[in-house]
Amino acid sequence: MTGTRSQRVAGAAAAAVLVTLAVTVRDGGNAPVAAVAGAAAEGPELRLTGMTDTYSVRRDDAPAEYRITLRATEPHVVKDVTVRIDLSVLAGRADVTWVNKEYRCALAGQVLTCVLGDVERAVAFTPFTLTPRQGAAPGPAGVLTTTVTSADAPTVRHTTQVVVGAPGTPPDERE
């Protein structure tokens with residue numbers, strides 16, 4: 001080790017203070033965000049809850065639904081909420097077979113956008129359904145990224161590994 005004993009003690013003390021004051025927060029696969037211990041969140045905040053880390057587009061079922069649940073911290077209303085889902089990992093592997101117009105969802109290229117407006121407490125919805133493409137190779141397809149933005153709350157992100165087929169299921173009979 002280098003440095004004097006007092007320098008090592010001071011460095012260890014500083015590290016201990018940082019560990020005590022800072023907490024790493026992770027919400028549903030989001031990138032870590034530094035938060036100061038004891039500091040209460042001010043203003044509205046959204047959380048993605050019940051999101052899965054792996055999503056299977058099964059080859060032997062009806063179109064697969066992708067479900068999103070957003071919760072707003074009470075007593076706040078989160079304004080102008082928009083959900084964007086990057087579906088580019090599905091190119092050549094699966095097709096969007098239905099888009100939820102009730103939640104003002106629209107597909108433009110490989111990005112699905114749902115304009116939810118204000119969220120007071122919570123909203124749960126299925127923005128789309130998927131069907132695997134005929135001849136698509138089973139297995140991992142990549143990462144689907146969901147990003148939630150609003151006018152007055154921090155951005156929330158979640159990543160989900162997409163798998164075409166599911167472990168233990170045979171390929172569909174179309175192939």
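This passage describes the fold of a single chain, from its overall make-up to its sheets, core and disulfide. The model is predicted.

The chain contains 1 helix and 12 strands. Along the sequence, the helix comes at the start of the pattern, which runs α-β-β-β-β-β-β-β-β-β-β-β-β. Of the 175 residues in the chain, 34% are buried. The accessible surface amounts to about 10100 Å², and carbon and sulfur atoms account for 55% of this area. Contacts reach well along the sequence: among those between residues at least 6 apart, 69% join residues at least 24 apart.

Two of the sheets can be taken in turn, beginning with the one that holds β10. Here 4 strands form an open sheet with antiparallel pairing, in the order β3-β5-β10-β7. Its edges are β3 (46-48) and β7 (94-99), each of which pairs on one side only. From one strand to the next, the twist averages 30°. Within this sheet, β5 (residues 64-72) runs antiparallel to β10 (residues 122-132), and the two are joined over 7 bridges. A useful landmark for the eye is glutamate 65, which stands opposite threonine 129 in β10. On the other flank, β7 also pairs with β10 in the antiparallel sense, here over 5 bridges. In that pairing, valine 96 stands opposite leucine 130 in β10. How enclosed is β10 itself, with what number of its 11 residues buried? The count is 8 of the 11, so β10 is largely enclosed by the rest of the structure.

The other sheet is built from 6 strands and is likewise open. Its order is β4-β12-β11-β6-β9-β8, and its pairing is mixed. The edge positions belong to β4 (54-57) and β8 (105-108), each pairing on one side only. Neighbouring strands are turned against each other by 25° on average, with direction ignored. Inside the sheet, β6 and β11 (residues 139-149) are paired in the antiparallel sense over 5 bridges. One of the places to see this pairing is threonine 82, whose bridge partner in β11 is threonine 149.

Strand β6 (residues 78-86) includes aspartate 86. Aspartate 86 has a relative accessible area of 33% and is therefore partly exposed. Beyond residues up to four places away in sequence, aspartate 86 touches Gln110, Leu144 and Thr145. The first of these contacts can be followed along the chain as well as in space: aspartate 86 and glutamine 110 lie 24 residues apart in sequence, while their C-alpha atoms are 6.2 Å apart.

Attention can now turn to the interior. In soluble globular proteins, nonpolar side chains tend to be buried together. In this model, the largest nonpolar core has 35 residues. Those with the most contacts inside this core are Leu46, Ile68, Leu70, Val83 and Ile85. Strand β5 gives the most to the core, with 5 residues. Leucine 70 offers a good view of the surroundings. Setting aside neighbours within four places in sequence, leucine 70 is in contact with Leu46, Arg47 and Leu48, with Val81 and Val83, and with Leu116, Arg121, Ala122, Val123 and Val148.

Finally, the structure holds 1 disulfide. This bond is formed by cysteine 105 and cysteine 114, whose sulfur atoms are 2.0 Å apart. The torsion about the S-S bond of cysteine 105 and cysteine 114 is about 110°, so the disulfide is right-handed. Are the two cysteines buried or exposed? Cysteine 105 has a relative accessibility of 3% and so counts as buried. Cysteine 114 is also buried, with a relative accessible area of 0%.

How values were computed: Residues numbered from 1 in each chain as written. Predicted model: local features only at pLDDT ≥ 70, side-chain atom pairs only at ≥ 80, totals over all residues. Heavy atoms only, no water. Pairing = 2+ DSSP bridges. Axes fitted to C-alpha atoms, helices over the stretch in contact; angles between N-to-C directions. Disulfide = S-S within 2.5 Å. Buried < 20%, exposed > 50% of the residue type's maximum accessible area, 1.4 Å probe, protein only. Core = buried A, V, L, I, M, F, W, Y, C linked by side-chain atoms within 4.5 Å. Contact = heavy atoms within 4.5 Å. Areas by Shrake-Rupley, 256 points an atom, 1.4 Å probe, with all protein chains shown as cover.
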